[in-house]
Amino acid sequence: MHLFVDISSHGFGHLAITAPVLDALAKIAPNLRLTVRTRLARQLLVQRIHVPFELIEASTDFGYVMIDATHIDLPASAAAYRQAHADWPGRVSAEARFLASRKPDLVLTNVSYLPLAGAALAGVPSLSLCSLNWADLFAHFFGDEPWAASIHAEMLAAYRAAQSFLRVTPGMPMPQLGNVVKIGPIAAIGQKHELDAGVGVGAKLGGDQAILIAMGGIAHRLPLEQWPRLPGLRWLVAADWHCQHPDAIAFESFGLNFSDLLCSVDAVITKPGYGTFTEAAYNGTPVLYQRRTDWPEQDCLIEWLGQHGNAREVAAEALQTGELAASLGLLRQQAAISRPQASGAAEAAAQILSLMAG
């Protein structure tokens, strides 16, 4: 059986949702042939997708043009959507021809809608999987614009062309789609490691607490050089920040995949995003989060994390100045919360197999 999977490159969350489903599917469908289309790097994909796949390095959606991890460039996003839909029937026809040439038994997207429209035209069944969809976000940001109605209608028609939209928990309501199937949470469970190992003399943590800064795969550099030194704390940041703070360590130094790293740190600083929020909850990692500017998905994520994990909101100003000692102290004082079952990957895999099997 051939499954064609299209994974959005808008951050890392779409991969974090999809990969556990593909792994679960491979366990119940050992004859699975898997094709993945995405702009995400193969190195990142193989850290999460643990079964063989063919990679097509391409993208059929852009989500939103981002200024940083918490701010959208709305004029650029509007222009990009208008360009993407300037010849929508032509794009759908081209996608249908491409998918027909690959001969998949099923198309799965997270969360592009063009492949769903193309699959419908090619007569190939399809599913979508995510906590959000681009049509709902488009209506939120551009619904009052005079040019938006026809684009929104084409987006909705594409999502409705799928046999089902597998909406993970937590997730947006999606009342306009009409084909939503709600499934449980999806989260990769990491393995806890001792972070003193393997990072070299001068970078060892000793008894210090490790605070991971991970903004979800969208460029968002914080001014750590301006932060004060907080005794007993070390900041784990991306190597490409080239950070000069004396207490900063490149998290790549530990050689761990993200789920294992998240499981091994004492807290994570992030913005609301499905993958980091659910994985932090299921791995028992406390979260300090900065709200995103006018991002409609974040409310359901924040509410869910408040019920299933340890979390506190932090102001954007605090992430500029580094005045985080009080917030981290209050976060450490929260009582641990029991973790619910992450059932969504198995549920999604069963839905996919059922549809592929006819």
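How do the residues of the lining of the largest pocket divide into nonpolar, polar and charged? The answer is 20 nonpolar, 15 polar and 7 charged. Please keep in mind, as you go through these close-ups, that this is a predicted model.

**View 1. The largest pocket and its lining.** This view takes in an open space of about 1000 Å³, the volume of the largest pocket. Its lining is made up of 42 residues. If you want landmarks to start from, look for Phe 12, Leu 44, Gly 216, Gly 217 and Phe 258, the lining residues that lie nearest the centre. Four helices are worth tracing here, since at least two lining residues come from each of α1 (13–28), α2 (42–48), α8 (258–264) and α9 (274–282).

**View 2. The second largest pocket.** The space in the second largest pocket comes to about 280 Å³. It is lined by 14 residues, and those closest to its centre are Asp 23, Arg 48, His 50, Ala 188 and Ser 259. Helices α1, α2 and α8 each give this lining at least two residues. Sorted by class, the lining holds 7 nonpolar, 4 polar and 3 charged residues.

**View 3. The largest cavity, beside β10 and α12.** The structure has 1 cavity of 30 Å³ or more, and the space inside the largest cavity is about 30 Å³. Around it you will find Gln 209, Ile 211, Asp 266, Ala 267, Leu 328, Leu 331 and Arg 332. Strand β10 (209–213) and helix α12 (325–333) are the elements that give two or more residues to this lining. Helix α12 provides the largest share, 3 residues. In terms of class, the cavity lining has 4 nonpolar, 1 polar and 2 charged residues.

**View 4. Two aromatic pairs.** The whole model contains 19 aromatic pairs, and here are two of them to look at. In one pair, Trp 88 and Tyr 113 are tilted, with 5.5 Å from centre to centre and 40° between the ring planes. This pair links distant parts of the chain, 25 residues apart: Trp 88 belongs to helix α4 (residues 88–102), while Tyr 113 is in the loop between β6 (106–110) and α5 (114–122). Both Trp 88 and Tyr 113 are buried. The other pair is Phe 277 with Tyr 289, whose ring centres are 5.7 Å apart; their planes stand at 65°, so this pair counts as edge-to-face. Because Phe 277 lies in helix α9 and Tyr 289 in strand β14 (residues 287–289), the contact ties together parts that are 12 residues apart in sequence. Phe 277 is buried at 1% relative accessible area, and Tyr 289 is buried too, at 8%.

**View 5. An aromatic cluster with an arginine at Trp 295.** Take a moment to pick out the rings of Phe 62, Tyr 64, Tyr 81, Trp 134, Phe 138, Phe 141, Phe 142, Trp 147 and Trp 295, which form one aromatic cluster. At Trp 295, the charged end of Arg 292 sits over the ring, 4.1 Å from its centre.

**View 6. Salt bridges in different surroundings.** Across the whole structure there are 9 salt bridges, and three of them are introduced below. Glu 95 and Arg 37 meet through their side chains at 2.5 Å, N to O. They join distant parts of the chain, 58 residues apart, with Glu 95 in helix α4 and Arg 37 in strand β2 (residues 33–38). Where does each partner stand, buried or exposed? Glu 95 is buried, as its relative accessible area is 6%, and Arg 37 also counts as buried, at 4%. Next comes Arg 221 with Glu 225, whose closest N and O atoms are 2.9 Å apart. Arg 221 is partly exposed, with 38% relative accessible area, and Glu 225 is partly exposed at 39%. The third salt bridge brings together the side chains of Asp 247 and Arg 229 at 2.7 Å, N to O. Asp 247 is in the loop between β11 (233–237) and β12 (248–250) and Arg 229 in the loop between β10 and β11, so this bridge ties together parts 18 residues apart in sequence. Asp 247 counts as buried at 7% relative accessibility, whereas Arg 229 is exposed at 56%. To finish, return to Arg 37 and Glu 95: salt bridges with shared partners join them and Asp 6 into one network.

Key: Residues numbered from 1 in each chain as written. Predicted model: local features only at pLDDT ≥ 70, side-chain atom pairs only at ≥ 80, totals over all residues. Heavy atoms only, no water. 1 Å grid on protein atoms, 1.4 Å probe; cavity = no way out; pocket = protein on both sides within 12 Å on 5 of 7 lines; lining within 4 Å. Points joined across faces, edges and corners; volume = space filled by probe spheres on them. Nonpolar A, V, L, I, M, F, W, Y, C, P; charged D, E, K, R; others polar. Phe/Tyr/Trp six-rings, centres within 6.5 Å; stacked < 30°, edge-to-face > 60°. Buried < 20%, exposed > 50% of the residue type's maximum accessible area, 1.4 Å probe, protein only. Lys NZ or Arg CZ within 6 Å of the ring centre and 35° of its normal. Salt bridge = Lys/Arg side-chain N within 4 Å of Asp/Glu carboxyl O.
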